[in-house]
Amino acid sequence: MQIPFDNSYARLPAQMFTPQLPTPVKAPQLIAANADLAAILGIDPADLTVPEAAQVFAGNHIPDGAAPLAQAYAGHQFGNWNPQLGDGRAVLLGEVVGTDGIRRDIQLKGAGPTPYSRQGDGRAAIGPVMREYLVSEAMHAMGVPTTRALAAVTTGEPVYRETALPGAVIARVAQSHIRVGTFQFFAARGDMAALRALTDHVIARHYPQADGPAQLLDMVIARYAKLIARWMGLGFIHGVMNTDNVSIAGETIDYGPCAFIDGFHPNAVFSAIDQFGRYAYSNQPGIGAWNMAQFATALIPLMEDRDQAITDFTAAVHGMQDRYETAWLDVFAAKLGIADPSEDDRPLITDLLDLMAQDGADFTNVFANLGSDHARDQFLNRDAFDAWATRWQTRTSDTAAQIMAQANPQIIPRNHRIEQVIQAGQAGDFAPFHTMLATITAPYAPLTEQTAPYARAPAKDEQVTRTFCGT
Ligand code: AMP
Ligand code: MG
């Protein structure tokens with residue numbers, strides 16, 4: 001397999017990473033490979049189906065030009081500072097500049113222990129790998145900035161979690177795997193050489209218009225505010241918005257116990273490890289600003305006039321709220337088919353969300369069916385919904401249906417469906433995975449007989465109330 005590597009992180013100061021080969025596995029077998037993404041990366045899609053492909057994506061065979069390494073980073077986990085995280089089970093194979101001119105990382109997650117593994121085994125179980133593959137590709141299909149899945153393989157080896165599970169590796173593609181926690185790692189150590197090198201690297205790679213740390217902060221905040229608004233518009237809960245899981249490039253990264261809301265509730269939490277609801281649906285924008293405050297803090301040592309920088313950076317972080325509110329209005333106005341949103345539209349949106357919350361209406365299906373009886377069917381209090389719908393209709397024009405069709409997915413990767421697919425995969429049957437993948441990567445397509453079951457909200461006994469990292 002020819003991968004046109006062009007590695008830049010490997011040329012950064014040595015303390016920023018550790019050269020690290022993946023640990024070979026017994027009997028790799030391909031679960032899936034992403035021909036569309038391969039083509040963008042300059043990999044011949046035909047190479048994905050040769051037997052060697054499973055060896056490459058399992059880390060058994062290192063392709064020419066790779067410079068495998070594990071990145072150092074730190075982070076705040078649930079608000080608590082952890083100075084030493086890093087790629088504990090991921091190896092960056094290298095970078096490629098795609099046919100679209102964008103540089104991207106190719107990383108193997110679940111590739112074996114590294115110096116940053118702490119107590120972990122460096123491996124991934126098949127469930128979280130399938131979940132990340134499905135959800136990241138669905139997010140991409142819905143136009144949300146995200147890491148993507150290039151391939152997934154089973155390893156032929158068990159991993160031991162609560163029980164023994166089949167092991168797997170996901171080949172993940174990201175604009176980079178640099179996190180807020182990467183900056184924090186060097187700032188906390190007072191390693192100015194690395195902090196400067198990292199900042200220069202990130203500006204050149206992701207924000208070439210930025211003329212220094214202050215503008216970088218501003219641009220990262222802008223992207224992150226928009227990203228969170230997109231999540232909110234899909235009823236998406238990331239679940240672990242720790243600073244080590246915040247991509248500096250503004251992509252959704254680290255799909256662990258993430259979930260899409262079925263019946264709407266603004267305080268919904270799925271992650272079993274999020275005991276106090278820190279990362280609940282409605283907390284995401286506030287936590288986003290908290291994360292940007294940590295990023296700002298990590299950049300301060302780079303500034304000549306630190307007092308001035310503290311004032312400026314504080315203002316920039318506080319400004320995230322406004323950026324978020326603007327993005328949120330754009331996202332939700334489009335969901336209602338409003339072409340020219342204004343501040344006056346906010347109550348129309350929030351009133352609908354309030355009705356949805358009161359009745360636990362299905363988030364995706366309300367928006368996907370607005371204008372038809374199927375939306376009304378989601379509500380218990382139909383009179384209240386009808387009154388709202390009358391207000392809504394006076395605000396929309398003939399372009400509404402078209403705007404809504406592009407803003408409201410018919411199909412999201414629902415938690416109960418993912419669980420069914422994982423159960424089958426754990427038993428060696430990947431047909432449900434492939435069917436679901438094909439369905440959720442066409443989220444805006446009109447429903448057909450085949451796809452309609454994926455749009456159905458879970459029955460009471462199908463509901464998933466808890467999701468797990470599986471690490
Ligand atoms: P996560 O919760 O997946 O974002 O991971 C937090 C930290 O734990 C990161 O440094 C991971 O690399 C590390 N980690 C998670 N799972 C494992 C594992 N099975 N083995 C080694 N390190 C792990
Ligand atoms: Mg992580």
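# Briefing: ligand sites, domains and aromatic pairs

Ligand 1 is surrounded by 18 residues, and the closest are Gly 86, Gly 88, Arg 118, Asp 121 and Gly 122. The model is predicted. A magnesium ion is present as ligand 2, with protein donors from Asn 245 and Asp 254. The chain is divided into two domains, domain 1 (9-174) and domain 2 (329-407).

**Ligand 1: contacts and cover**

- The shell around ligand 1 holds eight charged residues, eight polar residues and two nonpolar residues.
- Gly 88 uses its backbone: an N or O atom there lies 2.7 Å from an oxygen atom of ligand 1.
- Arg 118 uses its side chain, where an N or O atom is 2.8 Å from an oxygen atom of ligand 1.
- Asn 245 also contributes a side-chain N or O atom, 3.0 Å from an oxygen atom of ligand 1.
- Ligand 1 exposes 480 Å² when taken alone, and the protein buries 86% of that area.

**Magnesium ion (ligand 2)**

- Asn 245 offers its OD1 atom to the magnesium ion, and Asp 254 offers an OD atom.
- These donors lie 2.0 to 2.1 Å from the ion.
- Asn 245 and Asp 254 are both buried.
- Asn 245 therefore appears at two sites in this briefing: its side chain has an N or O atom 3.0 Å from an oxygen atom of ligand 1, and its OD1 is a donor to the magnesium ion.

**Domains**

- Domain 1 spans 9-174, and domain 2 spans 329-407.
- Their C-alpha centres lie 39 Å apart.

**Aromatic pairs**

- The count of aromatic pairs comes to 18.
- Trp 231 and Phe 236 form an edge-to-face pair, with 5.6 Å from centre to centre and 65° between the planes.
- Trp 231 is buried, and so is Phe 236.
- Phe 264 and Phe 363 have ring centres 5.6 Å apart and planes at 50°, so this pair is tilted.
- The cut-off behind the two labels is the plane angle: over 60 degrees counts as edge-to-face, under 30 as stacked, and the rest as tilted.

How values were computed: Residues are numbered from 1 along each chain as its sequence is written. Chains are lettered from A and ligands numbered from 1 in the order in which they are written. This is a predicted model: local features need pLDDT of at least 70, side-chain atom pairs count only at pLDDT 80 or more; totals for chains, interfaces and linings use all residues. Side-chain values use heavy atoms; hydrogens and water are left out. A residue is near a molecule or strand if one of its heavy atoms lies within 4 Å of it. A polar contact is a pair of N or O atoms within 3.5 Å; within protein, one must be able to donate a hydrogen and the other to accept it, and residues adjacent in sequence count only if both atoms are side-chain atoms. Accessible areas come from the Shrake-Rupley method with a 1.4 Å probe; for residues, only the protein chains shown count as cover. Ala, Val, Leu, Ile, Met, Phe, Trp, Tyr, Cys and Pro count as nonpolar, Asp, Glu, Lys and Arg as charged, and the others, Gly among them, as polar. Domain bounds come from an automatic or database domain assignment. Donors are N, O and S atoms within 2.8 Å of the metal (3.2 Å for Na, K and Ca); water is not among the atoms, so sites may look incomplete. Buried means under 20% relative accessible area, exposed over 50%, partly exposed in between (1.4 Å probe, protein chains only). Rings of Phe, Tyr and Trp (its six-membered ring) pair if their centres lie within 6.5 Å; planes under 30 degrees apart count as stacked, over 60 as edge-to-face and the rest as tilted.
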